[in-house]
Amino acid sequence: MSKPRKLSKQLILNRAAGMLNSGQQLSFTTLSKQFGTHSQALYPYFKNREELLNELFAWVLRQLLAAMQQVNKSDDSGKAVVAAAVQFRKVALANFGLFKTIMAISPTAQKVLEVQNLIREIRTSVDGALVGITSDQADRLLLSRAIRNIMIGEIFNEGSGWFDDPRIPAGDSYQRMLSDLITMYQDRHA
């Protein structure tokens, strides 16, 4: 093997995310080969693959939250929710392999405090905007779940190629589904 590069936690995370996004299998062995070293070289940074995946989960959640927070918080809660969901979609599709992997491990990763806090912050951000749509707590919970289902479903369907139809671009149908759902709740409470 050639002389290994100097490793860092961030360098390992970046390479692992790149591997997952390109559809490669991620193990300490496959990852260490990317650096021209042995898997043991990764252990000072991550004690195992699960810890690495938990860090990746937190990394992508930070990106999703940052993208959602870039949205201009207009007076129209519905438009703000749709705009935040569009940003979420953009980041998740850009990291589809990673997103798909972390969604499969989320029950395990949610034991990690940072991941729990980031998930709570994303939910709070979306749920806070929903207060302007409906004051009923049960309706807000149902609307929040429906929006999350559309968001997650969109990413898996678009990322897997299920929405490849030129009649309606996936991004357009995504925004319309969200807008129609929100309008339905707004009309119910008008």
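Guide: A salt bridge here is a side-chain nitrogen of Lys or Arg within 4 Å of a carboxyl oxygen of Asp or Glu. The model is predicted. The structure holds 7 salt bridges.

Visitor: What makes Glu154 and Arg89 a salt bridge?

Guide: Their closest N and O atoms are 2.9 Å apart. The cut-off is 4 Å, so the pair qualifies. Glu154 lies in helix α7 (residues 137–159) and Arg89 in helix α4 (residues 77–94). The pair therefore ties together parts that are 65 residues apart in sequence.

Visitor: Why is Glu154 called buried?

Guide: Buried means under 20% relative accessible area. Glu154 has 1%, so the label holds. Arg89 has 15% relative accessibility, so Arg89 counts as buried too.

Visitor: Which residues are linked with Arg89 in a network of salt bridges?

Guide: Glu154 and Glu158 are linked with Arg89 in that network.

Visitor: How do you know that Asp139 and Arg188 form a salt bridge?

Guide: The closest N and O atoms are 3.6 Å apart. That is within 4 Å, so the pair counts. Asp139 lies in helix α7 and Arg188 in helix α8 (residues 170–188). So the bridge ties together parts that are 49 residues apart in sequence.

Visitor: Are Asp139 and Arg188 buried or exposed?

Guide: Asp139 has a relative accessible area of 12%, under 20%, so Asp139 is buried. Arg188 has 47%, which falls between 20% and 50%, so Arg188 is partly exposed.

Visitor: What separates Asp180 and Arg176 in helix α8?

Guide: About one helical turn, because they are 4 residues apart in helix α8. Their side chains meet in a salt bridge, 3.5 Å from N to O.

Visitor: Why is Arg176 called exposed?

Guide: Exposed means over 50%. Arg176 has a relative accessible area of 59%, so Arg176 passes. Asp180 has 43%, so Asp180 is partly exposed.

Visitor: Now the helix packing. Why are α1 and α3 called roughly perpendicular?

Guide: The axes of helix α1 (residues 9–21) and helix α3 (residues 49–69) cross at roughly 85°. Angles of 65 to 115 degrees count as roughly perpendicular, so the term fits α1 and α3. The two axes come within 10 Å.

Visitor: Which residues make that contact?

Guide: On α1, they include Lys9, Ile12, Leu13 and Leu20. On α3, they include Leu52, Leu53, Leu56 and Trp59. By class, the contact has 9 nonpolar, 2 polar and 2 charged residues.

Visitor: What makes α3 and α6 roughly parallel?

Guide: The axes of α3 and helix α6 (residues 113–130) cross at roughly 25°. Under 35 degrees counts as roughly parallel, so α3 and α6 earn the term. Their axes come within 9 Å. The crossing of α3 past α6 is left-handed.

Visitor: Which residues of α3 and α6 meet?

Guide: Among them are Phe57, Leu61, Leu65 and Met68 in α3. In α6, they include Val115, Leu118, Ile122 and Val126. By class, this contact has 11 nonpolar, 2 polar and 3 charged residues.

Visitor: How do you know that Thr101 is buried?

Guide: Its relative accessibility is 17%. The limit is 20%, so Thr101 counts as buried. Thr101 sits in helix α5 (residues 96–109). Leaving out residues up to four places away in sequence, Thr101 touches Leu20 and Leu53.

Technical notes
Residues are numbered from 1 along each chain as its sequence is written. This is a predicted model: local features need pLDDT of at least 70, side-chain atom pairs count only at pLDDT 80 or more; totals for chains, interfaces and linings use all residues. Side-chain values use heavy atoms; hydrogens and water are left out. Helices (H or I, at least four residues) and strands (E, at least two) are DSSP runs, numbered from the N terminus. Buried means under 20% relative accessible area, exposed over 50%, partly exposed in between (1.4 Å probe, protein chains only). Contact means heavy atoms within 4.5 Å. Axes are lines fitted to C-alpha atoms, for helices over the stretch in contact, and angles run from 0 to 180 degrees between N-to-C directions. Angles under 35 degrees count as roughly parallel, over 145 as roughly antiparallel, 65 to 115 as roughly perpendicular and the rest as oblique. Ala, Val, Leu, Ile, Met, Phe, Trp, Tyr, Cys and Pro count as nonpolar, Asp, Glu, Lys and Arg as charged, and the others, Gly among them, as polar. A crossing is left-handed if the near helix is turned anticlockwise from the far one by less than a right angle, and right-handed if clockwise.
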